[in-house]
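Dear colleague,

I am handing over the structure below, together with an account of what was found in it. Please read the notes with the structure open beside them.

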Amino acid sequence: GPYRTSFGAAGVPQAVVGAWLYLALICVFAMGVATMLRGSAGPLAILMPLLFLGSQGLGNVPGLKAVTQYLPDQAAAVIMHLAGPPGDPRFGRDLGPWTGMGVLVLWVVLSLAGGYLVLRRRDA
């Protein structure tokens, strides 16, 4: 189409690597939450609305955008943005691409630590 890009274009390799890291880290984050809740229904009931409904919809509310941009999916998704309207407040984030990925890594570490502590306390 008229808006196509190639792999060698500016920002595309970073977006591809970022998409791979994003997917892998979100899976590990979900694993930590599932370990804390010790089942599959609970994590699905929490993560599906959080990742697909909550942060996407709430991120469009101007007063809540300052908070929702630090949620795991919103923080790391910035790395996959190739272009956007300059100065558009709906598109921009305070976090850069790798800073947002760092926020996701922090969420992952916290979920794995919580999962480890719950597993250590409850399991025989």
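Helices and strands are taken here as DSSP runs, of at least four residues for a helix and at least two for a strand, and they are numbered from the N terminus. On that basis the chain has five helices and zero strands, and read along the sequence it follows the pattern α-α-α-α-α. Please keep in mind that this is a predicted model.

Some totals for the chain may help to set the scene. The chain has 124 residues, of which 30% count as buried, and about 8,000 Å² is exposed, with carbon and sulfur atoms supplying 71% of that area. Among the contacts with a separation of 6 or more, 63% are between residues 24 or more positions apart.

Helix 1 and helix 5 can be described side by side. Helix 1 covers residues 12–37, and its 26 residues reach 37 Å from the first C-alpha to the last, close to the 38 Å expected at 1.5 Å a residue. For helix 5, the end C-alpha atoms are 38 Å apart, which agrees with the 38 Å that its 26 residues should span at 1.5 Å a residue. Just after helix 1, R38 takes a positive phi of about 50 degrees.

The buried residues of helix 1 are spread along its sequence and include V12, A15, G18, Y22, L25, I26, F29, G32 and V33. In helix 5, the buried residues are G100, M101, V103, L104, V108, S111, G114, G115 and V118, and these pack against helix 1 and helix 4.

Two residues of helix 5 show what this packing involves. Not counting residues up to four places away in sequence, M101 touches G18, L21, Y22, L25, A75, A76 and I79. S111, which is also found in helix 5, counts as buried because its relative accessible area is 3%, a value under the 20% cut-off for that class. With its neighbours within four places in sequence left aside, S111 is in contact with V28, F29, G32, V33 and M36.

The largest nonpolar core holds 13 residues, and Y22, M101 and L104 are those that touch the most other members. Helix 1, helix 2, helix 4 and helix 5 are the elements that give two or more residues to this core, and the largest share, five residues, comes from helix 1.

M80 deserves a separate look, as it sits in the loop between helix 4 (72–77) and helix 5 (97–122). Its C-alpha atom is separated by 6.1 Å from that of A19, although the two residues are 61 apart along the chain. Apart from neighbours within four places in sequence, the contacts of M80 are with A15, G18, A19 and Y22. M80 nevertheless counts as partly exposed, because its relative accessible area is 29%, which lies between the limits of 20% and 50%.

Turning to the surface, L44, M48 and F52 make a nonpolar patch of about 330 Å². Of these, L44 lies in helix 2 (residues 41–58), and L44 is classed as exposed because its relative accessibility is 52%, over the 50% that the class requires.

With best regards

Notes
Residues numbered from 1 in each chain as written. Predicted model: local features only at pLDDT ≥ 70, side-chain atom pairs only at ≥ 80, totals over all residues. Heavy atoms only, no water. Expected span 1.5 Å × (residues − 1). Buried < 20%, exposed > 50% of the residue type's maximum accessible area, 1.4 Å probe, protein only. Patch = residues over 30% accessible without salt bridge, like charges linked within 9 Å, V, L, I, M, F, W, Y side chains within 5 Å. Areas by Shrake-Rupley, 256 points an atom, 1.4 Å probe, with all protein chains shown as cover. Salt bridge = Lys/Arg side-chain N within 4 Å of Asp/Glu carboxyl O. Contact = heavy atoms within 4.5 Å. Core = buried A, V, L, I, M, F, W, Y, C linked by side-chain atoms within 4.5 Å.
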